[in-house]
Amino acid sequence: MAKAKIAVNGYGTIGKRVADAVKAQDDMEVVGVSKTKPNYEASVAHRLGYDIYTLAENVEAFEKAGMPAAGTIEEMLEKSDLVVDCTPGGIGEKNKPMYEKVGIKAIWQGGESHTISDFSFNAESNYEQAVGRDLTRVVSCNTTALCRAISAIDRELEVNKVRVSLTRRAVDPNEIKKGPVDAIVLNPVKLPSHHGPDVRSVLPHINITTAATKVPTTLMHVHTVNMDVNKDCTAEDVKNIFGSQSRIRLIGDGITSTAEIIEYARDIGRPRHDMWELCIWSESITVTEKELYFFHAVHQESIVVPENVDAIRAMMELESDGSKSIEKTNKAIGLSNK
Ligand SMILES: NC(=O)C1=CN([C@@H]2O[C@H](COP(=O)(O)OP(=O)(O)OC[C@H]3O[C@@H](n4cnc5c(N)ncnc54)[C@H](OP(=O)(O)O)[C@@H]3O)[C@@H](O)[C@H]2O)C=CC1
Ligand SMILES: O=C(OP(=O)(O)O)[C@H](O)COP(=O)(O)O
């Protein structure tokens, strides 16, 4: 079968990882990636062998910088079956008419609103509903984390209610112009943060409220989760449920911080220290009368990456069974939580 031809529009934190993950699969290939500036990231993309496309007005700047563009973004789209839009939040919306004009399937990220595609995706939660779709949004890192944990528990114990307090990393490690540097910011002040409604865009039957703050760190987000379920269970039952999920990693061995999780990712040789799995602290799992509590950490730069690959596979009808796609994606990128 011919490989699905994928364009990655926006080669930043998410786009560079999506491109590498697509490249690792045997049923899809990267046609090209796009950048607006011929900077160090473009230079690395060149070295990695990606064709770089850019805005028509920037083609000359790439030429001058000694990394000639392969063409314009529109030309990249013309050669592709599906575009993964990884541009900054809000730009994806502006790109939609261009995708419609070319008649290409499109995936957006969590920085765009649900209405951009009227369908929001998480592989563990609703893969089958994405099969054959033309437009999809992969929900944000925090929402992906919550969907993974909630779906796993909901299937076994029926979730009744979820309350989450999120401590969000301020910016990604390479961002030098944003903060906070010395503050805890209520983000937003009013409840709920966008994550609760976002979870409901994937799992509409879940009663969830979320509140979020931002703190001066770049590595990961941390959530304090409180969940009511309908069935009796023990902490051991919950650990077993989470332990059976390929994209959830139970954390122990003395790790009490995001810094140590990232060090662990480095030690096990993960590319760019990526931790694609949702990291749940095993010892934090506590159950009192059908009420669960636990802490988990989210590597914002990478958790949505395997989800994008699965969304492509569903939309391109390369695999109709979600669990088979998840297994295939995991294997190709080297995701093993053992
Ligand atoms: N970073 C994170 O933690 C997460 C982000 N997301 C979501 O993923 C999306 C992308 O975020 P992120 O990767 O962080 O963003 P980045 O700012 O890291 O990367 C954006 C990329 O888009 C390129 N770009 C900017 N404008 C255009 C344009 N008009 N056309 C084509 N390319 C353009 C930039 O190129 P150049 O630098 O050359 O201008 C850059 O390569 C957002 O929706 C975000 O909310 C989801 C989960 C986690
Ligand atoms: O998708 C993310 O977070 P979110 O789940 O809080 O929307 C990423 O961490 C990007 O968030 P940012 O908008 O703080 O850069």
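How far from an oxygen atom of ligand 2 does a polar side-chain atom of Asn-142 lie? I began with that distance, keeping in mind that the model is predicted, and I read it as 2.8 Å.

**Entry 1, ligand 2**

Staying at this site, I looked up two other side chains, and found a polar atom of His-195 at 2.6 Å from an oxygen atom of the ligand, and an N or O atom of Ser-140 at 2.4 Å from an oxygen atom of ligand 2. I then checked how far the protein covers the molecule: ligand 2 on its own exposes 390 Å², of which the protein buries 72%. The residues I listed around ligand 2 include, besides these three, Cys-141, Arg-168, Arg-169, His-194, Lys-214, His-221 and Gln-300. Sorted by class, this shell holds one nonpolar, six polar and three charged residues. When I asked which elements contribute, I noted that helix α7 (141-157) and strand β9 (159-169) each give at least two residues to the shell around ligand 2.

**Entry 2, ligand 1**

I turned next to ligand 1, which has 22 residues around it, and I noted that Ile-14, Lys-35, Thr-36, Lys-37 and Asp-172 come nearest. For Asp-172 I looked up the polar pair, and an N or O atom of its side chain is 2.6 Å from a nitrogen atom of ligand 1. The backbone takes part as well: a polar backbone atom of Gly-12 is 3.1 Å from an oxygen atom of ligand 1, and a backbone N or O atom of Gly-111 also lies 3.1 Å from an oxygen atom of this ligand. Ligand 1 taken alone exposes 900 Å², and I recorded that the protein buries 82% of that area. By class, I wrote down seven nonpolar, 11 polar and four charged residues for its shell.

**Entry 3, helix α2**

I then went along helix α2, residues 40-47, and marked Glu-41, Ala-42 and Ala-45 as buried. Looking down the helix axis, I saw that the buried residues of α2 fall within an arc of 100°, so they line one face. As a reminder to myself, an α-helix has 3.6 residues a turn, so residues three or four places apart point the same way. On the other side of α2, I found Tyr-40 and Arg-47 exposed. I also asked what lies over the buried residues, and the cover includes α1 (13-23), β2 (28-34), β3 (52-54) and α3 (59-64). At the start of α2, a side-chain oxygen of Asn-39 comes to within 3.1 Å of the backbone nitrogen of Glu-41, and just after the helix I noted Gly-49 with a positive phi of about 95°.

**Entry 4, Ser-325 and Arg-313**

My last look-up was a pair of side chains, those of Ser-325 and Arg-313, which are joined by a polar contact of 3.1 Å. Ser-325 sits in helix α12, residues 322-333, while Arg-313 belongs to helix α11, residues 305-315. Are these residues buried or exposed? Ser-325 counts as buried because its relative accessibility is 0%, and Arg-313 is likewise buried with a relative accessible area of 0%. Leaving aside neighbours within four places in sequence, I found Ser-325 in contact with Tyr-127, Asp-310, Arg-313 and Glu-319; the contacts of Arg-313, counted with that exclusion, include Gln-25, Asp-27, Met-28, Tyr-127 and Glu-319. To relate this spot to His-221, I took the separation of C-alpha atoms, and Arg-313 and His-221, 92 residues apart along the chain, are separated by 28 Å.

Definitions and conventions
Residues numbered from 1 in each chain as written. Chains lettered and ligands numbered in written order. Predicted model: local features only at pLDDT ≥ 70, side-chain atom pairs only at ≥ 80, totals over all residues. Heavy atoms only, no water. Buried < 20%, exposed > 50% of the residue type's maximum accessible area, 1.4 Å probe, protein only. Helix = DSSP H or I, 4+ residues; strand = E, 2+ residues; numbered from the N terminus. Arc of directions from axis to C-beta. Contact = heavy atoms within 4.5 Å. Polar contact = N/O pair within 3.5 Å; in protein donor to acceptor, adjacent residues only side chain to side chain. Near = heavy atom within 4 Å. Areas by Shrake-Rupley, 256 points an atom, 1.4 Å probe, with all protein chains shown as cover. Nonpolar A, V, L, I, M, F, W, Y, C, P; charged D, E, K, R; others polar.
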